[in-house]
Amino acid sequence: MSTETQTGTVDRGIVERLRASPFLSQLLSNRLAVTGLVIIAGVIVLAAYARVAYDLSDLMATQFGTHPAEAPPSMDYPFGTDGQARDIFPRVLYGAWYAVLYGTVTVAASTVLGVGLGILAAYYGDLTDNLIMRTMDVLLSFPSLLLALALVTIFPEELGLWRAVAALTLVYTPRFARVVRGAALKVLEDEYTDATKALGATDPRLLVRHVLPNCLAPITVQSTLNYGLAIIDIAALSFLGFGASPGEPTWGMMLSNGVEFGLFSGAWWWSFFPGLLLALTVLGFNLLGDGMRDALDPRMRETVD
């Protein structure tokens with residue numbers, strides 16, 4: 001059999017397995033989930049384009065003499081210009097890059113920490129479980145945004161938006177820990193885990209090869225839903241003046257400037273377009289997260305219906 005024939009067979013095998021996947025079948029049959037997926041794909045494309053096409057220093061610099069100040073939306077300036085004569089359109093697109101970058105890091109870091117702590121708490125139990133979960137309970141007892149505001153002041157201002165990422169990572173970690181602990185406890189009750197231990201499997205091997213894969217469904221759903229929360233919370237911290245530096249094209253900072261300087265003077269476009277992209281992005285992740293939850297847990301879908 002030739003190499004091309006083997007490659008074609010492998011490709012067809014992968015395609016057939018994807019088509020036969022109950023999860024993908026359920027997900028793609030959910031119109032709202034597909035809508036969310038399309039929105040997210042569009043935001044990622046805009047973010048990648050803005051990162052390649054625009055120079056950050058140019059977007060942050062004032063453009064007096066180059067563009068008119070506070071110009072309303074037009075053919076030349078689709079989103080108008082702000083008080084520094086900066087074109088809002090490229091700044092909003094670059095804000096998508098900030099949202100995708102910092103949102104991804106926040107969700108990835110909190111997922112790793114939360115999953116690790118949740119599995120350790122479920123597996124070792126007793127003192128370890130009490131120590132980890134009581135700490136998580138303390139963190140969960142505070143409103144998430146207020147806790148993030150308290151934590152962000154601990155880190156030096158030179159870190160910029162990374163302060164917000166660090167604070168939100170600590171805020172989101174307890175959510176993953178609780179979800180994963182519950183899922184891991186159910187997995188550890190199955191007989192095959194006892195059999196695996198009896199065969200001499202070490203603790204790390206048992207947790208990584210057997211417990212973690214069986215907890216991926218709730219982890220995936222929680223990560224997707226928290227992605228939208230991370231983006232909106234990063235924008236909220238920037239709006240309140242924590243994280244982004246003045247002039248940075250983040251959606252939260254643009255909303256803050258628009259409300260403070262543009263809204264009351266009639267320049268509604270300062271805050272409207274970044275707010276619109278922020279709302280659409282969060283909506284996309286929420287729709288996809290709900291669709292993934294329904295596809296991974298049919299019982300929940302039946303309950304909702």
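Visitor: Which residues does Leu-206 touch, not counting residues up to four places away in sequence?
Guide: In this predicted model, a touch is counted where heavy atoms come within 4.5 Å. Leaving out residues up to four places away in sequence, the residues that Leu-206 touches are Tyr-123, Thr-193, Thr-196, Lys-197 and Val-211.

Visitor: Is Leu-206 buried or exposed?
Guide: Leu-206 lies in helix H10, which spans residues 203–211. A residue counts as buried under 20% relative accessible area. The relative accessible area of Leu-206 is 1%, and therefore Leu-206 is buried.

Visitor: What distance separates the C-alpha atoms of Leu-206 and Leu-188?
Guide: Along the chain, Leu-206 and Leu-188 are 18 residues apart. In space, the separation of their C-alpha atoms is 9.9 Å.

Visitor: At what angle do helix H5 and helix H8 pack?
Guide: Two packed helices are described by the angle between their axes and the distance between the axes. Helix H5 covers residues 88–124 and helix H8 covers residues 161–188. Their axes are 5 Å apart, and the angle is about 40°.

Visitor: Is the crossing of H5 and H8 left-handed or right-handed, and how many nonpolar residues does the contact have?
Guide: The crossing of H5 and H8 is right-handed. By class, the contact of H5 with H8 has seven polar residues and one charged residue, while the number of nonpolar residues is 22.

Visitor: Is Asp-129 buried or exposed?
Guide: Asp-129 has its place in helix H6, residues 126–140. Beyond its neighbours within four places in sequence, Asp-129 is in contact with Ala-121, Arg-134 and Arg-181. The relative accessibility of Asp-129 is 12%, so this residue counts as buried.

Visitor: What is the phi of Asp-126?
Guide: Most residues other than glycine have a negative phi. Asp-126 lies in helix H6, and with 65% relative accessibility it counts as exposed. Although Asp-126 is not a glycine, its phi is positive, at about 50°.

Visitor: Where is Glu-70 found?
Guide: Glu-70 is not a glycine, yet it has a positive phi of about 55°. Because its relative accessibility is 40%, Glu-70 counts as partly exposed. Its place is the loop between helix H4 (56–60) and H5.

Visitor: How many helices does the chain have?
Guide: Read from the N terminus on, the elements of the chain run α-α-α-α-α-α-α-α-α-α-α-α-α-α. The number of strands is zero, and the number of helices is 14.

Visitor: Which residues does the UniProt annotation "transmembrane region" cover?
Guide: This annotation comes from an unreviewed UniProt entry. The residues covered are 32–50, 96–124, 136–155, 161–177, 227–247 and 267–289.

Visitor: How far apart are the end C-alpha atoms of residues 32–50, and how far apart are those of residues 136–155?
Guide: Residues 32–50 are 100% helix and 0% strand, whereas over residues 136–155 the chain is 70% helix and 0% strand. For residues 32–50 the end C-alpha atoms lie 27 Å apart. For residues 136–155 the end C-alpha atoms are apart by 21 Å.

Visitor: What percentage of the accessible surface of the chain belongs to carbon and sulfur atoms?
Guide: Of the 305 residues in the chain, 42% are buried. The accessible surface of the chain comes to about 16100 Å². The part of this surface that belongs to carbon and sulfur atoms is 64%.

Key
Residues numbered from 1 in each chain as written. Predicted model: local features only at pLDDT ≥ 70, side-chain atom pairs only at ≥ 80, totals over all residues. Heavy atoms only, no water. Axes fitted to C-alpha atoms, helices over the stretch in contact; angles between N-to-C directions. Helix = DSSP H or I, 4+ residues; strand = E, 2+ residues; numbered from the N terminus. Left-handed = near helix turned anticlockwise from the far one by under 90°. Nonpolar A, V, L, I, M, F, W, Y, C, P; charged D, E, K, R; others polar. UniProt positions renumbered as here; feature names shortened; annotations may be inferred. Buried < 20%, exposed > 50% of the residue type's maximum accessible area, 1.4 Å probe, protein only. Areas by Shrake-Rupley, 256 points an atom, 1.4 Å probe, with all protein chains shown as cover.
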